[in-house]
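Here are some comments for a colleague at the bench, to be read with the structure open alongside.

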Amino acid sequence: MQASLLTSQTRKVKKPVSVVFHVTNNHTCLGNGLLMLAAYSGHADLTTTLLAKGADPNRVNDNGQSPLAGAVFKNELEVIRRLIAGGANPRLGTPTAIQTARIFKREDVLEILGATEDDVKEPLPTMPGPPH
């Protein structure tokens, strides 16, 4: 990635500078890594790039959610396929990607995730409700 150094007076490019960021497994204050943000936002090409650069597809955020479960929640089918191809575990996190697909009755996604009969029979986690 390149950035340009500008002088405040002339606003002309003085000298190009190469900038290297170690972005693959950095995370926000909520524990959302760039892969989670890309997956949740439906950026399939960026998801693939981050995976190729070493982003961990099985890193959960501070709420125990995986990038794959985030993509399932947002129904980002191409991202789901790319995460699975990149080694994402559909049984990781709370809720898992498989449980998320079951909650939203996404039979097509369950097939992509490779859900088994045992996965479908497993009790779903209790979802938090409104305060009493």
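The points below take up a pocket and then a group of aromatic rings.

1. Please keep in mind throughout that this is a predicted model, and that the values quoted here are computed from it.

2. The largest pocket encloses about 350 Å³ of space, and 20 residues line it, with Tyr40, Gln65, Ala69, Gly70 and Phe73 lying nearest its centre. Helices α1 (34-40), α3 (67-73) and α5 (97-103) are the elements that each give two or more residues to this lining. In character the lining comprises eleven nonpolar and nine polar residues, with no charged residue among them.

3. The structure holds two aromatic pairs. In one of them, the ring centres of Tyr40 and Phe73 are 6.1 Å apart and the planes meet at 10°, an angle under the 30 degrees that marks the limit for stacking, so this pair is stacked. The pair joins distant parts of the chain, since Tyr40 belongs to helix α1 and Phe73 to helix α3, 33 residues apart.

4. Phe73 also pairs with Phe104: here the centres lie 5.6 Å apart and the planes stand at 70°, which is over 60 degrees, and the pair is therefore edge-to-face. This contact, too, links distant parts of the chain, with Phe73 in helix α3 and Phe104 in the loop between α5 and α6 (107-113), 31 residues apart.

5. Through these ring pairs, Tyr40, Phe73 and Phe104 are linked into a cluster. Are its members buried or exposed? Tyr40 is partly exposed, at 35% relative accessibility; Phe73 is partly exposed at 43%, and Phe104 is likewise partly exposed at 43%.

Conventions:
Residues numbered from 1 in each chain as written. Predicted model: local features only at pLDDT ≥ 70, side-chain atom pairs only at ≥ 80, totals over all residues. Heavy atoms only, no water. 1 Å grid on protein atoms, 1.4 Å probe; cavity = no way out; pocket = protein on both sides within 12 Å on 5 of 7 lines; lining within 4 Å. Points joined across faces, edges and corners; volume = space filled by probe spheres on them. Helix = DSSP H or I, 4+ residues; strand = E, 2+ residues; numbered from the N terminus. Nonpolar A, V, L, I, M, F, W, Y, C, P; charged D, E, K, R; others polar. Phe/Tyr/Trp six-rings, centres within 6.5 Å; stacked < 30°, edge-to-face > 60°. Buried < 20%, exposed > 50% of the residue type's maximum accessible area, 1.4 Å probe, protein only.
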